[in-house]
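Here is a short tour for the bench, with the sequence and the structure side by side. Take a look at the cysteines to begin with, and then at two other spots in the chain.

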Amino acid sequence: MAAEETVTEIASIDPTAVDFMLDDCETWAVVGLSGNPARTAYSIARMLQERGKRIVPIHPSAPVVLGEQGYATLADVPFPIDVVDVFRRSEEAGRFADQAVAVGAKAVWFQLGVIDRAALERTRAAGVPMVMDTCPAIEWRKRT
């Protein structure tokens, strides 16, 4: 890999996976979502709701956020999850991709700045579409 290549340039944003998640996936578990409206996770979760998606807060304290019951872990969610959207530091994010695969999520999304190449490779190898280092809001804006 040339030094000037970024992770994004080496296929961390698969347009087919983005389209699948934005168009076909309804239930989004948002890892790191709390009730703090100043946090990016909150504004993105609200935007997902405005686009017709069901959000599921995943946070250790399991708060109700934006009218939706939270859960402490992905394994605690008692219904199917389509997308696991991760708002955690890169060094912590990979375990959530692994958990997403373990619970049968249909896809994984690592937010802008969240990069774990090994997790991307593991998740895709398991047959689960994944994108990283982008945001649903950015990808929706590209469509207009």
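## The two cysteines

Cys25 is buried, with a relative accessible area of 0%. Cys135 is buried as well, at a relative accessible area of 7%. Please keep in mind that this is a predicted model.

How many disulfides does the structure hold? The count is 0. A disulfide is a covalent bond between the sulfur atoms of two cysteines. The cut-off used here asks for cysteine sulfur atoms within 2.5 Å. For Cys25, the closest cysteine sulfur sits in Cys135, 16 Å away, and that is too far for a bond. Seen from the other side, Cys135 is in no disulfide, because its nearest cysteine sulfur, that of Cys25, is 16 Å away and a disulfide needs the two sulfurs within 2.5 Å.

## Thr27 and its neighbours

Moving on to strand 1, which covers residues 27–31, you will find Thr27. Is Thr27 buried or exposed? Thr27 is buried, and its relative accessible area is 11%.

Which residues does Thr27 touch, leaving aside those up to four places away in sequence? Its contacts are Arg54, Val56, Phe79, Pro80, Ile81, Asp82 and Val83.

## Ala102 in helix 3

Helix 3 spans residues 90–102, and Ala102 belongs to it. Ala102 is exposed, with a relative accessible area of 68%.

If you would like to trace a pair of positions on screen, try Ala102 and Ala126: they are 24 residues apart in sequence, and their C-alpha atoms are 9.8 Å apart in space.

Technical notes: Residues numbered from 1 in each chain as written. Predicted model: local features only at pLDDT ≥ 70, side-chain atom pairs only at ≥ 80, totals over all residues. Heavy atoms only, no water. Helix = DSSP H or I, 4+ residues; strand = E, 2+ residues; numbered from the N terminus. Buried < 20%, exposed > 50% of the residue type's maximum accessible area, 1.4 Å probe, protein only. Contact = heavy atoms within 4.5 Å.
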